[in-house]
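Okay, quick one from me today. Let me put the model up and we'll walk through it.

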Amino acid sequence: MIQVKNQNQIVAMKEAGRITAQALLAARECVREGVSTYEIDQVIRNTIERAGAKPSFLGYAGFPGSACISINDEVIHGIPSKTRILKEGDIVKIDVGAFYKGYHGDSARTIPVGKVSEQALRLIEATEKSFWAGIAQAQAGNRVGDIGHAIESCVQEYGYSAVRRYVGHGIGHELHEAPDVPNFGTAGRGVRLCNGMVIAVEPMINVGVCDVKEMSDGWTVKTADGKLSAHYENTVAITADGVLVLTEA
């Protein structure tokens with residue numbers, strides 16, 4: 001069942017979103033050559049906890065980190081580790097959630113480590129651009145398929161593909177709520193959007209094929225062809241005044 005939020009609930013979710021955004025900003029400051037993904041994870045956890053919140057991902061279905069930190073061909077769900085050291089030219093995806101006063105925020109960014117390839121920069125640009133194309137369709141009366149169609153159409157112009165195995169989602173009291181919000185789809189199809197819906201829109205975009213593979217650690221997801229992937233996510237609310245980004249710093 002889709003949980004439609006009232007104005008007070010959306011205000012409360014904006015606080016959770018603000019903390020999520022602060023944690024991502026703090027993480028971005030740490031992204032440089034020689035830093036481990038564990039160190040970044042600790043900065044994220046400390047930032048969230050100092051704000052009086054809890055990391056949404058820590059312990060979620062047994063996940064051991066406070067954030068998902070994925071590098072290069074890793075799409076999502078990378079486990080922070082003291083042995084995963086960033087190096088010049090990497091692109092690192094940092095996915096953060098904060099739980100505050102009964103509500104979750106969820107957001108992700110792809111950050112370059114030092115000087116990266118033109119291909120990597122173009123991928124990061126396309127992924128962010130596709131997010132904004134998607135939420136331009138997040139308005140009452142439209143359908144979930146309108147969001148996915150806009151995202152996929154945007155990245156196809158770059159020659160890239162949208163991951164289909166994993167999708168965006170509703171969010172609120174629970175980290176993952178109905179409805180699913182795919183990054184592909186047919187315009188005019190799917191669940192109808194209405195004011196008060198809060199969703200996490202999160203394009204996961206690959207340079208190569210859309211197919212992915214799950215690693216033996218039970219969490220990390222990589223591109224099937226070993227090519228680069230990028231991720232961009234915000235929690236957004238659909239309101240009578242338009243779409244409201246809740247996790248923007």
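So, how many nonpolar, polar and charged residues are in the lining of the largest pocket? It's 10 nonpolar, 3 polar and 5 charged, where Ala, Val, Leu, Ile, Met, Phe, Trp, Tyr, Cys and Pro count as nonpolar, Asp, Glu, Lys and Arg as charged, and the others, Gly among them, as polar.

Ground rules: this is a predicted model, local features need pLDDT of at least 70, side-chain atom pairs count only at pLDDT 80 or more, and totals for chains, interfaces and linings use all residues. Numbering starts from 1 along each chain as its sequence is written, and side-chain values use heavy atoms, with hydrogens and water left out.

Back to that pocket. A pocket here is an open set of points on a 1 Å grid over the protein atoms alone, where a 1.4 Å probe fits, with protein on both sides within 12 Å along at least five of seven lines; lining residues have an atom within 4 Å of a point. Of the 18 lining residues, I76, H77, D95, H176 and E202 lie nearest the centre.

Next, the sheet. Five strands, as DSSP runs (E, at least two residues) numbered from the N terminus, make an open sheet ordered β8-β7-β9-β14-β15, with antiparallel pairing; pairing takes at least two DSSP bridges. β8 (177–181) and β15 (242–245) are the edges, each with a single partner strand, so one side of each has no neighbour in the sheet. β7 (residues 168–170) pairs with β8 over 3 bridges, and one partner of G170 there is E177 in β8.

Last, disulfides (cysteine sulfur pairs within 2.5 Å): there are 0. For C30, the nearest cysteine sulfur belongs to C68, 17 Å away.

Key:
Helix = DSSP H or I, 4+ residues; strand = E, 2+ residues; numbered from the N terminus.
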